[in-house]
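Here is a briefing for a first look at a protein model. Keep the sequence and the 3D view open as you read.

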Amino acid sequence: MISKKLQDAINSQINKEFYSAYFYLAMSAYCKTKDLDGFANFFYVQYQEETFHAMKFYNYLLDRGGDVVLTKIDTPPADFKSPLDVFEKTLEHEQIVTKSINDLLDLSIKENDHASASFLKWYVDEQVEEEATVSRLVNKMKLVGDNVGGLFIVDSELKARVFTPPVA
Ligand code: OFO
C-alpha cells in the first residue's frame, strides 16, 4: 500500500496533469482563432497526451490501494501574443512539470517505495521527450520570425501530428 505522503503528492500531480491538459486546450483554441489549424492540432494532441498522463497516475494510485482525490483545476490563460509565445510558454510549463516529476521520484526513493520509483521513470523519460520537442519548435519559430510563408510551412507540418496512446 502506498504511503499517505506519496498518495497526496500523486493526487497533486494528477491535478497538475489535468491543468496541463486545460492549458494546451486553451492554446489550441487560441491557434484555431488565428486559423492556424496545424498549431491547433498540435496542442489538441498535447491536451490528449496530458489527459493520458493524468489517467495513468489515477490508475496507478488505485492499483496501489490509494485514494484518488480530484481537486479544482485552475483557469489557464486564454490569450497569447503569438505562435512563438505559445511554444515559449509551453517550454516554461514543461520545465516546471519536469521538476515536479523529479520531486516525486525523490520522494518515492526517500520513502523506499520501489514500485513508485519504477513507475515514475516512465514520466522522467516522457519529460525529456516533451522538452526536446518543444525546444525544437521554439527554435524553429525563432528562425521563421515574421516570415508568413515559413509560418504556414510549420503549420502544415504540425497538422500531421496524431495522438497515439503509449503502450506503457
Ligand atoms: Fe504531462 O507532461 Fe506535459 O505537462
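**Buried polar residues in helix H1**

Asparagine 15 counts as buried because its relative accessibility is 18%, and the cut-off for buried is under 20%. Note that this is a predicted model. The points below go through two residues of helix H1, the aromatic pairs, two loop residues and the largest pocket.

**Asparagine 15**

- Asparagine 15 is part of helix H1.
- Leaving out residues up to four places away in sequence, asparagine 15 touches Thr71, Lys72 and Ile73.

**Serine 28**

- Serine 28 also belongs to helix H1, which covers residues 4–33.
- Serine 28 has 9% relative accessibility, so it counts as buried.
- Which residues does serine 28 touch, not counting those up to four places away in sequence? They are Ala40, Phe43 and Tyr44.
- With alanine 40 there is a closer detail to look for: a polar atom of the serine 28 side chain lies 2.8 Å from the backbone oxygen of alanine 40.
- Glycine 38 is 10 residues from serine 28 in sequence. In space, their C-alpha atoms are 9.4 Å apart.

**Aromatic pairs**

- The count of aromatic pairs comes to 16.
- One of them joins tyrosine 19 and phenylalanine 23, and this pair is stacked. The ring centres are 5.7 Å apart, with 20° between the planes.
- Tyrosine 19 and phenylalanine 23 both sit in helix H1. They are four residues apart, about one turn of the helix.
- Are tyrosine 19 and phenylalanine 23 buried or exposed? Both are buried.
- Phenylalanine 57 and phenylalanine 119 form an edge-to-face pair. Here the centres are 5.6 Å apart and the planes meet at 75°.
- That pair links distant parts of the chain, 62 residues apart. Phenylalanine 57 lies in helix H2 (residues 37–63), and phenylalanine 119 lies in helix H4.
- Phenylalanine 57 counts as buried because its relative accessibility is 0%.
- Phenylalanine 119 has a relative accessible area of 13%, so it is buried.
- Ring pairs also build a cluster from Tyr19, Phe23, Tyr24, Phe39, Phe42, Phe43 and Phe87.

**Two loop residues with positive phi**

- Aspartate 35 is not a glycine, yet its phi is positive, about 60°.
- Where is aspartate 35 found? It is in the loop between H1 and H2.
- Aspartate 35 is exposed because its relative accessible area is 60%, and exposed means over 50%.
- Asparagine 112 is not a glycine either, and has a positive phi of about 60°.
- Asparagine 112 lies in the loop between helix H3 (83–110) and H4.
- With 58% relative accessibility, asparagine 112 counts as exposed.

**The largest pocket**

- The largest pocket has a volume of about 150 Å³.
- Its lining is made of Phe42, Thr133, Arg136, Leu137, Lys140, Glu157, Leu158 and Arg161.
- Helix H4 (114–144) and helix H5 (148–158) each supply at least two residues of this lining.
- Which element gives the most to the lining of the largest pocket? H4 does, with four residues.
- Sorted by class, the lining has four charged, three nonpolar and one polar residue.
- Phe42 is worth finding twice: it lines the largest pocket and belongs to the ring cluster.

Terms used
Residues are numbered from 1 along each chain as its sequence is written. This is a predicted model: local features need pLDDT of at least 70, side-chain atom pairs count only at pLDDT 80 or more; totals for chains, interfaces and linings use all residues. Side-chain values use heavy atoms; hydrogens and water are left out. Buried means under 20% relative accessible area, exposed over 50%, partly exposed in between (1.4 Å probe, protein chains only). Contact means heavy atoms within 4.5 Å. A polar contact is a pair of N or O atoms within 3.5 Å; within protein, one must be able to donate a hydrogen and the other to accept it, and residues adjacent in sequence count only if both atoms are side-chain atoms. On a 1 Å grid over the protein atoms alone, a cavity is a set of points where a 1.4 Å probe fits but cannot get out, and a pocket is an open set with protein on both sides within 12 Å along at least five of seven lines; lining residues have an atom within 4 Å of a point. Grid points are joined across faces, edges and corners, and a volume is the space filled by probe spheres set on the points. Ala, Val, Leu, Ile, Met, Phe, Trp, Tyr, Cys and Pro count as nonpolar, Asp, Glu, Lys and Arg as charged, and the others, Gly among them, as polar. Rings of Phe, Tyr and Trp (its six-membered ring) pair if their centres lie within 6.5 Å; planes under 30 degrees apart count as stacked, over 60 as edge-to-face and the rest as tilted.
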